[in-house]
Amino acid sequence: MPITINLDKVLVDREMKSKELAEIVGITEANLSILKSGKAKAVRFSTLEAICKALDCQPGDILAYTE
């Protein structure tokens with residue numbers, strides 16, 4: 001898939017655990033895991049916004065396009 005998810009890297013940079021992010025964003029750890037693994041088929045803008053707010057980052061810090 002040409003869209004890669006860099007959420008693990010951003011979490012490490014922010015010294016935050018997945019469980020903590022899931023609680024802040026209001027999603028389950030299972031759904032966050034699906035997103036982190038790149039297996040998600042879609043992500044709501046509201047979820048992306050909440051993740052970016054919690055991690056103080058831009059969507060481009062989490063998502064990348066590669067051919």
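How many salt bridges does the count come to? The count comes to two salt bridges, and we can visit each in turn. Keep in mind along the way that this is a predicted model.

Let us begin with the overall layout. The secondary structure of the protein chain comes to five helices and two strands. Read from the N terminus, the elements follow the order β-α-α-α-α-α-β. With a radius of gyration of 11 Å, close to the 11 Å that the globule rule gives for 67 residues, the chain is as compact as a globular protein of that length. Along the principal axes, its C-alpha atoms fill a box of roughly 30 × 20 × 20 Å.

Now for contacts and surface. Among contacts in the protein chain with a separation of 6 or more, 64% are between residues 24 or more positions apart. Of the 67 residues, 24% are buried. The protein chain exposes about 4900 Å², and carbon and sulfur atoms supply 52% of that area.

Charge brings us back to the opening question. The protein chain carries 9 positive and 10 negative side chains, and the centres of these two sets lie 6 Å apart. Side chains of opposite charge can pair when their charged atoms come close. One such pair is Lys36 with Asp8, whose side chains meet in a salt bridge at 3.1 Å, N to O. This pair links distant parts of the chain: Lys36 sits in helix H3 (residues 29-37) and Asp8 in helix H1 (residues 7-13), 28 residues apart. Lys36 is partly exposed, with a relative accessible area of 22%, and Asp8 is also partly exposed, at 41%.

The other salt bridge joins Asp13 and Lys9, with the closest N and O atoms 3.1 Å apart. Here the sequence positions help to explain the pairing: Asp13 and Lys9 are four residues apart in helix H1, so they are separated by about one helical turn. Asp13 counts as partly exposed at 48% relative accessibility, whereas Lys9 is exposed, with a relative accessible area of 53%.

Moving along the chain, we come to helix H2 (residues 18-25), where Glu23 lies. Glu23 counts as exposed, at 58% relative accessibility. Measuring from C-alpha to C-alpha, Glu23 and Ala40 are 19 Å apart in space, with their positions 17 residues apart in sequence.

For a view of a buried position, turn to Thr47 in helix H4 (residues 45-55). Thr47 has a relative accessible area of 16%, so it falls under the 20% cut-off and is buried. Leaving aside residues up to four places away in sequence, Thr47 touches Val25 and Ile27.

Finally, two loop residues deserve a look at their backbone. Most residues other than glycine have a negative phi, and most peptide bonds are trans. Glu15, although not a glycine, has a positive phi of about 55°. Glu15 is found in the loop between H1 and H2, and is exposed, with a relative accessible area of 76%. Asp56 is not a glycine either, and has a positive phi of about 50°. Its place is in the loop between H4 and helix H5 (59-62), where Asp56 counts as exposed at 67% relative accessibility.

Terms used
Residues numbered from 1 in each chain as written. Predicted model: local features only at pLDDT ≥ 70, side-chain atom pairs only at ≥ 80, totals over all residues. Heavy atoms only, no water. Salt bridge = Lys/Arg side-chain N within 4 Å of Asp/Glu carboxyl O. Buried < 20%, exposed > 50% of the residue type's maximum accessible area, 1.4 Å probe, protein only. Rg over C-alpha atoms; globule rule 2.2 N^0.38 Å. Contact = heavy atoms within 4.5 Å. Areas by Shrake-Rupley, 256 points an atom, 1.4 Å probe, with all protein chains shown as cover. Lys, Arg positive; Asp, Glu negative; His and termini not counted. Charge placed at Lys NZ, Arg CZ, Asp CG, Glu CD.
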